[in-house]
Amino acid sequence: MKEVRIWTDGACKGNPGVGGWGALLLYGEHAKEIYGGELSTTNNRMEIMAVIQALALLKQPCIVHVYTDSVYVQKGMSEWIQGWKQRNWRTAAKKPVKNAELWQELDKLCQQHQLQWHWVKGHAGDSGNERADQLANLGVEQILA
């Protein structure tokens, strides 16, 4: 099974505001960079969207290492999602899960792969994270252009 490493990031100018997402995918010697954005969104939505867009590119089941500086995404997928699903997309406080439609889409994509979630400190010199941040900001610029 192919092993892919993905760094993702989201950016928002205002929260909510104009947002962007970016991802760097590495497989062996191959690299792919993607980015996009939305006019009115939140940083958390862009963080999730970056992972969704990256996983959607994979054409076959892979072992995937996702590197994110978003505790929200990392904990959401590795700790919280099972409880959300058991409670019909409600939090422990019985409130609707924010961004549930994105979490559901991400969960569906994850079922096709073996995922490992890695939190990395943002803006701390991790080259993959730094590039994902640059790509997310390109996504914002694309919307503002």
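## Buried cysteines

A residue is called buried when its relative accessible area is under 20%. In this predicted model, cysteine 110 has a relative accessible area of 11% and is therefore buried. Cysteine 62 is buried as well, with a relative accessible area of 3%.

## Disulfides

A disulfide is a covalent bond between the sulfur atoms of two cysteines. How many disulfides does the count give? The count comes to zero. Cysteine 62 takes part in no disulfide, and the nearest cysteine sulfur, which belongs to cysteine 110, is 12 Å away.

Why does the sulfur of cysteine 110 form no bond with that of cysteine 62? The closest cysteine sulfur to that of cysteine 110 is in cysteine 62, and because the distance is 12 Å, the two are too far apart for a bond. The cut-off for a disulfide is a sulfur pair within 2.5 Å.

## Helix H2: length and bend

Helix H2 comprises 16 residues, from 71 to 86. From its first C-alpha to its last, H2 reaches 21 Å, close to the 22 Å expected at 1.5 Å a residue. At tryptophan 80, H2 bends by about 65°. Asparagine 88 follows H2 and has a positive phi, near 60°.

## Helix H2: buried residues and their cover

Which residues of H2 are buried? They are Tyr72, Val73, Gln74, Gly76, Met77, Ile81, Gly83 and Trp84.

The cover over these buried residues of H2 includes two helices, H1 (43-56) and H3 (100-110). It also includes two strands, S4 (62-68) and S5 (114-119).

Conventions:
Residues numbered from 1 in each chain as written. Predicted model: local features only at pLDDT ≥ 70, side-chain atom pairs only at ≥ 80, totals over all residues. Heavy atoms only, no water. Buried < 20%, exposed > 50% of the residue type's maximum accessible area, 1.4 Å probe, protein only. Helix = DSSP H or I, 4+ residues; strand = E, 2+ residues; numbered from the N terminus. Expected span 1.5 Å × (residues − 1). Bend = angle between axes of the 7 residues up to and from the residue. Contact = heavy atoms within 4.5 Å.
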